[in-house]
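The exercises below ask the reader to work through one chain, from strand pairing to core and surface. Please keep the sequence and the 3D view at hand while following each solution.

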Amino acid sequence: MLDFSQIQNYYIACGYTDMRKQIDGLVAVVELQFGRKPDETSIFLFCGRRADRIKALYWEGERLRAALQAAGIRQFQIAWISLRRTGP
């Protein structure tokens with residue numbers, strides 16, 4: 001489970017991301033779009049074209065992990081709003 005107390009940086013990828021991308025593809029997006037490498041203090045969020053699910057890329061222990069969260073449109077919008085309020 002993700003420990004949000006360790007997360008210091010929240011990054012939201014602009015535009016649509018192909019939700020078929022796995023960890024290697026998402027790392028490539030992070031490196032190209034943000035000019036960074038994923039680390040233990042950051043989480044990267046990606047939105048699909050249908051805007052009904054998000055994928056997160058983050059460190060879990062000693063490995064990088066990608067997790068997909070599907071939600072209804074209303075829940076999805078609430079999640080994005082709450083991230084904006086808690087982000088840096």
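Two strands are taken to pair if DSSP finds at least two bridges between them. With this criterion, Asn9 has Ser42 in E2 as its bridge partner. The model is a predicted one.

**Exercise 1. Describe the order of secondary-structure elements in the chain.**

Solution. Begin with the count: there are 2 helices and 4 strands. Next, follow the sequence from its start; the elements appear in the pattern β-α-β-β-β-α.

**Exercise 2. Determine how strand E2 is paired with E1 and with E3.**

Solution. Step one concerns E1. Strand E1 (residues 9-12) and strand E2 (residues 42-47) run parallel and are joined by 4 bridges. Within this pair, Tyr10 stands opposite Ile43 of E2. Between the two strands the chain passes through helix H1 (residues 23-34), and the resulting β-α-β crossover is right-handed.

Step two concerns E3. Strand E3 (residues 53-60) pairs with E2 in the antiparallel sense, over 5 bridges. Here Leu45 is placed opposite Ala56 of E3. The hairpin of E2 and E3 has 5 residues between the strands, and Ala51 in this hairpin takes a positive phi near 60 degrees.

**Exercise 3. Are the residues of E2 buried or exposed, and which of them point the same way?**

Solution. First, apply the cut-off: a residue is buried under 20% relative accessible area. By that cut-off, 6 of the 6 residues of E2 are buried, and the strand is mostly covered.

Second, sort the side chains by direction. In a regular strand, side chains alternate between the two faces of the sheet. In E2, one direction is taken by Ser42, Phe44 and Phe46, and the other by Ile43, Leu45 and Cys47; all are buried.

**Exercise 4. Identify the largest nonpolar core and the elements that build it.**

Solution. Start with the membership. The largest nonpolar core consists of 11 residues: Tyr11, Ala13, Met19, Leu26, Val27, Val29, Val30, Phe44, Phe46, Leu57 and Leu64. Then assign the members to elements: H1 and E2 are those that give two or more residues. The greatest contribution comes from H1, with 4 residues.

One core member, Val27, can be examined through its contacts. Once neighbours within four places in sequence are left aside, Val27 is in contact with Pro38, Leu57 and Leu64. Apart from the largest core lies another core of 5 residues, among them Ile7, Ile43, Leu45 and Tyr58.

**Exercise 5. Compare the surroundings of Tyr11 and Val30.**

Solution. Locate the two residues first. Tyr11 is found in strand E1, and Val30 lies in helix H1. They are 19 residues apart in sequence, and their C-alpha atoms are 9.1 Å apart in space.

Next, check the burial of each. Tyr11 has a relative accessible area of 18% and is therefore buried. Val30 is buried as well, because its relative accessible area is 0%.

Finally, list the contacts, not counting residues up to four places away in sequence. Tyr11 touches Phe34, Arg36, Ser42, Ile43, Phe44 and Leu45. With the neighbours within four places likewise left aside, Val30 is in contact with Gly35, Arg36, Pro38, Phe44, Phe46 and Leu57. Arg36 and Phe44 thus appear among the contacts of Tyr11 and among those of Val30.

**Exercise 6. How many salt bridges does the structure hold, and where do their partners stand on the scale from buried to exposed?**

Solution. The structure holds 3 salt bridges. For the accessibility of each partner, exposed means over 50% relative accessible area, with partly exposed lying between buried and exposed.

- Arg20 and Asp18 meet through their side chains at 2.9 Å, N to O. Arg20 counts as exposed because its relative accessibility is 67%, whereas Asp18, at 32%, is partly exposed.
- Glu31 and Lys37 form a salt bridge, also at 2.9 Å, N to O. Glu31 is partly exposed at 33%, and Lys37 is exposed at 59%.
- Arg36 and Asp39 have their closest N and O atoms 3.2 Å apart. Arg36 is partly exposed at 27%, and Asp39 is partly exposed at 22%.

**Exercise 7. Summarise burial, contacts and surface for the whole chain.**

Solution. Of the 88 residues in the chain, 33% are buried. Among contacts with a separation of 6 or more, 48% join residues 24 or more positions apart. The chain exposes about 6100 Å², of which carbon and sulfur atoms supply 52%.

Key
Residues numbered from 1 in each chain as written. Predicted model: local features only at pLDDT ≥ 70, side-chain atom pairs only at ≥ 80, totals over all residues. Heavy atoms only, no water. Right-handed = clockwise from strand over helix to strand, strands pointing away. Salt bridge = Lys/Arg side-chain N within 4 Å of Asp/Glu carboxyl O. Buried < 20%, exposed > 50% of the residue type's maximum accessible area, 1.4 Å probe, protein only. Core = buried A, V, L, I, M, F, W, Y, C linked by side-chain atoms within 4.5 Å. Contact = heavy atoms within 4.5 Å. Areas by Shrake-Rupley, 256 points an atom, 1.4 Å probe, with all protein chains shown as cover.
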